[in-house]
Amino acid sequence: MSELPNCPKCGSEYAYEDGVMLVCPECAHEWSKDTELESQDDAPVIKDANGTVLADGDTVTVIKDLKLKGSSLVVKVGTKVKNIRLVDGDHDIDCKVDGIGAMKLKSEFVKKV
């Protein structure tokens, strides 16, 4: 019996072949064998305001005054943020801003230094 991969959507081990496609009987997800190999390398590409690709550990500069919700603090234009960490979600940068602390930023409001 050949070993078929688990479903990439729900993780079910009961996937089966249907022609050139693989099918999951639990969630009805269908995928091809070829895309399975390609999807392993698919990581979300996060770009700054200028279109430069960002990576963990980069240093960025804020390009717009950002008001902090629930506070009177503002992150000013030109504030340098070192050692960013990329995360999934609406705000895709986790960082620490000097004088403010830990916060999340959107990549559209920063540029790579």
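Biologist: Which backbone nitrogen lies 2.8 Å from a polar atom of the side chain of Asp58?

Modeller: In this predicted model, the nitrogen belongs to Ala55. Set against the limit of 3.5 Å for a pair of N or O atoms, the value of 2.8 Å falls within the cut-off, so the pair counts as a polar contact.

Biologist: Why does Asp58 count as buried?

Modeller: The relative accessibility of Asp58 is 13%, and buried means under 20%; Asp58 therefore counts as buried. The residue is placed in the loop between α1 (33-39) and β4 (60-62), and, apart from neighbours within four places in sequence, Asp58 is in contact with Val53, Val81, Lys82, Asn83, Ile84 and Lys112.

Biologist: Asn83 is one of those contacts; is Asn83 buried or exposed, and how do you know?

Modeller: Asn83 has 58% relative accessibility, and since exposed means over 50%, Asn83 counts as exposed. Its place is the loop between β7 (80-81) and β8 (85-86), and its phi, near 55°, is a positive value in a residue other than glycine.

Biologist: Which other non-glycine residue has a positive phi, of about 65°?

Modeller: That residue is Ala28, found in the loop between β2 (21-23) and β3 (30-32). The relative accessible area of Ala28 is 58%, which passes the threshold of 50%, so that Ala28 is exposed.

Biologist: Cys24 is found in the loop between β2 and β3 as well. Is Cys24 buried or exposed, and what makes it so?

Modeller: Cys24 has a relative accessible area of 1%; as this value is under 20%, Cys24 is buried. Leaving aside neighbours within four places in sequence, the contacts of Cys24 are Cys7, Cys10, Ser12, His29 and Trp31. For Lys9, which is 15 residues from Cys24 in sequence, the distance in space between the two C-alpha atoms is 8.9 Å.

Biologist: How do you know that β8 pairs with β9 (93-97), and how do the two strands run?

Modeller: Two bridges join β8 to β9, and strands pair if at least two bridges are found between them, so the requirement is met for these antiparallel strands. In this pairing, Arg85 stands opposite Asp94 in β9.

Biologist: What is the order of the open sheet of three strands, and why are two of its strands called edge strands?

Modeller: The order is β8-β9-β10, with antiparallel pairing. The edge strands are β8 and β10 (101-105), each of which pairs on one side only. In general, the strands of a sheet pair through backbone hydrogen bonds, either parallel or antiparallel.

Biologist: Which strand supplies the largest share of the lining of the largest pocket?

Modeller: The largest share, three residues, comes from β10, while β5 (66-67) and β10 each supply at least two. Lining residues are those with an atom within 4 Å of a pocket point, and for the largest pocket they are Leu66, Lys67, Leu68, Lys69, His91, Met103, Lys104, Leu105, Lys106 and Phe109. The space in this pocket is about 220 Å³.

Biologist: How many helices and strands does the protein chain have, and what pattern do they follow?

Modeller: The chain has one helix and eleven strands, which follow the pattern β-β-β-α-β-β-β-β-β-β-β-β along the sequence. Of its 113 residues, 27% count as buried, and 48% of an accessible surface of about 8,000 Å² belongs to carbon and sulfur atoms.

Key. Residues are numbered from 1 along each chain as its sequence is written. This is a predicted model: local features need pLDDT of at least 70, side-chain atom pairs count only at pLDDT 80 or more; totals for chains, interfaces and linings use all residues. Side-chain values use heavy atoms; hydrogens and water are left out. Helices (H or I, at least four residues) and strands (E, at least two) are DSSP runs, numbered from the N terminus. Buried means under 20% relative accessible area, exposed over 50%, partly exposed in between (1.4 Å probe, protein chains only). Accessible areas come from the Shrake-Rupley method with a 1.4 Å probe; for residues, only the protein chains shown count as cover. A polar contact is a pair of N or O atoms within 3.5 Å; within protein, one must be able to donate a hydrogen and the other to accept it, and residues adjacent in sequence count only if both atoms are side-chain atoms. Contact means heavy atoms within 4.5 Å. On a 1 Å grid over the protein atoms alone, a cavity is a set of points where a 1.4 Å probe fits but cannot get out, and a pocket is an open set with protein on both sides within 12 Å along at least five of seven lines; lining residues have an atom within 4 Å of a point. Grid points are joined across faces, edges and corners, and a volume is the space filled by probe spheres set on the points.
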